[in-house]
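Please open the model in the viewer and keep the sequence panel visible. The tour below proceeds by selections, each followed by a description of what is found there.

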Amino acid sequence: MAPLDWQLQCFLSLVTFAFSLYNSLAPKNRIPALTDAPQVQPEYDFVVIGGGSAGAVMANRLSELEDATVLLLEAGGQETDLSRVPLLASWNQATELDWRYRTKPADEKRRYCLAMTNTSCTWPRGKVVGGSSVLNYMLYVRGNRKDYDLWEQMGNPGWSYKEILKYFLKSEDNSNEDLLKTPYHASGGLLSVQDVPWTTPLAKVFLKAGKFLGYKTRDINGELQEGFTITQGTTRSGSRCSTSRAFAVTAQTRQNLDISMHSLVSRIGFTNKKHPKATKVHFLKNGKKYTVKVKKEVILSGGTINSPQTLMLSGIGPRDHLRSLGIKVVRNLPVGFDLQDHLSVGSMFFRVDKNHTIPSSMPLTPEAISQYLTAGTGPMTSLGTCEGMAFIYSKYVNRSNSWPDLQLQFSADSIHSFPKEMAAQLWNLRADLFDGTQYEEVTDDLFMIFPILLRPKSRGRITLRSKDPFVHPIIEPNYLAEPEDVAVLVDGMKKSLQLVNTPPFRQLNARPVAIPFPGCERHKLFSDEYLECCIRHFTWTFYHPTSTCSMGKVVDHRLKVIGVEG
């Protein structure tokens, strides 16, 4: 891994020191550290595998049952002081908090991630208690009500929007008094949700531009999703509120809950060939092997990559694939299939004349650090510079159906704010990508708009590379396999250009960076062919892979694995 820019190293050291000092002087504001179980018991009622966005919640809820014993197993450790600073969201990636996954290199048939080293995209996933809620940008966004209603219509009772809204409300502790007057938000839950205390002037310009195009400014988690908004985030007093902070930390004092960190599950053990039941969990910690018995249930919450990997290592998955690796088949199920992701493109750069963005030097100022540490305000509370979002329609769907197929994410900075070495680490961008081009001179006064494909038709797959649990599985996202995905994303890019061409942005002389993206020079700038070329080069996951253990195929509507017990 290449050394980071010296300014960045100094900044990280300064912030780490400041946090340590702040915590020692203000104990009431300190987030309690998690206690790693000194030893696990031989048997538990429930074993939760994976302490991430879901697993930390499951451990909390299950340990509310006073007569039930619960073990939470997490492959990583705990979040750091730096991970709690919202502005530094990107910098948590490619660290010890991240699994550092890479997608399978693209080939001539699958043309995507072409700007990346070995045509392989990064897929950040949290290897830490709190999981990807420690790495993400803290944006508080629910799915569209029609997403959930469709799940129920496909044969999964209990998953309609009306049914699941109560669970959103149960967890939420929203501090916006206006939103609390509506039936779509609540206070008193464990997960803090707040308005961002600081934004650049461009955030309001983004809303005005949306209004000019006929979109309303609205609560995108309310009655209707279509519209523009300044983002709410899962933060508390200006600091990240991960599921570790919200759920794991609050539950760890319970005597019936053990949390074992740095514990990698190798497989789940089953008894009874004819009617398999999960009765054991095997894991490795500090070079030693452990086995715990399970009296009631194993809860597998490893996420889109680790859950199918663990199931297949345990003998549940596609028969031929498991046999090819010498794994005894417990149940033949289509584990790892149906992989899909919210796909975006990272080359929609725009420039303004005046400094209304977040320049690379801003977080380094003593004033910004002091604001954050003393009051929980200032530029360091920015959600990784993601200030606004919009849910809109491509030209391929009917606007009257209230089901947007595009999201526009507005970011008040650009990848150019990062040192070249860090960009290579975070996004696996080729180190030579911008060499010899005008992009080398592009630095501050930039912002980005990410068009995001909300309902991709392309499907990929997760498969095992080895039966060694330490070996990462093969991730084949199969991006852009369906022509409709390309067409919708191209339309999203054109709508981003249209948005910046509105009077609110033109007053600041905002305009696209008119430099051909490396590899796409042969196409006319901003033509459909050029935009597609950009998508295939700077292919960008928006961190929402899903569906590798799909309902109706791998699990039933109660999320129980089909064909096995426990």
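## Cysteines and disulfides

Begin by selecting Cys520 and Cys533, both of which are buried. The model is a predicted one. Display the side chains: a disulfide joins Cys520 to Cys533, with an S to S distance of 2.2 Å. Cys520 is found in the loop between strand S24 (511-512) and helix H14 (528-537), while Cys533 belongs to helix H14, so the pair ties together parts that are 13 residues apart in sequence. Is this link left-handed or right-handed? The torsion about the S-S bond of Cys520 and Cys533 is about -90°, so the disulfide is left-handed.

Next, add Cys534 to the selection. Why is there no bond from its sulfur to that of Cys520? Cys520 holds the closest cysteine sulfur, but the distance is 4.4 Å, which is too far for a bond; a disulfide requires sulfur atoms within 2.5 Å. Cys534 has a relative accessibility of 2% and therefore counts as buried. Select Cys549 for a contrasting environment: this residue is partly exposed, with a relative accessible area of 23%.

Now move to Cys113 and Cys121. A disulfide joins these two residues, again with an S to S distance of 2.2 Å. The angle about the S-S bond is -110°, and the link of Cys113 and Cys121 is left-handed. Both cysteines of this pair, Cys113 and Cys121, are buried. The count for the model comes to two disulfides. With bonded cysteines counted along the chain, the pattern is 1-2, 3-4.

## An annotated segment and a surface patch

Select residues 126-149. The UniProt record, an unreviewed entry, lists this range as "domain: Glucose-methanol-choline oxidoreductase N-terminal". Over residues 126-149 the chain is 21% helix and 0% strand. The C-alpha atoms at the two ends of the range are 29 Å apart.

Then select Leu150, Trp151 and Met154 and switch on the surface. Together they make a nonpolar surface patch of about 300 Å². Trp151 is located in helix H3, which covers residues 145-153. This tryptophan, Trp151, counts as partly exposed because its relative accessibility is 33%.

## Two helices with a buried side

Select helix H10, residues 366-375. Which of its residues are buried? They are Ala368, Ile369, Tyr372 and Leu373. Their directions cover an arc of only 120° around the axis, which puts them on the same side of H10. A general rule is useful when viewing such a helix: an α-helix has 3.6 residues a turn, so residues three or four places apart point the same way. Rotate the view to the other side of H10, where Pro366, Glu367, Thr374 and Ala375 are exposed. Gly376 follows H10 and has a positive phi, near 65°.

Finally, select helix H11, residues 420-427. The buried residues of H11 are Met422, Ala423, Gln425, Leu426 and Trp427. Here the arc is only 165° around the axis, which puts these residues on the same side of H11. End the tour at Asn428, just after H11, where phi is positive at about 60°.

Notes. Residues numbered from 1 in each chain as written. Predicted model: local features only at pLDDT ≥ 70, side-chain atom pairs only at ≥ 80, totals over all residues. Heavy atoms only, no water. UniProt positions renumbered as here; feature names shortened; annotations may be inferred. Helix = DSSP H or I, 4+ residues; strand = E, 2+ residues; numbered from the N terminus. Patch = residues over 30% accessible without salt bridge, like charges linked within 9 Å, V, L, I, M, F, W, Y side chains within 5 Å. Areas by Shrake-Rupley, 256 points an atom, 1.4 Å probe, with all protein chains shown as cover. Salt bridge = Lys/Arg side-chain N within 4 Å of Asp/Glu carboxyl O. Buried < 20%, exposed > 50% of the residue type's maximum accessible area, 1.4 Å probe, protein only. Arc of directions from axis to C-beta.
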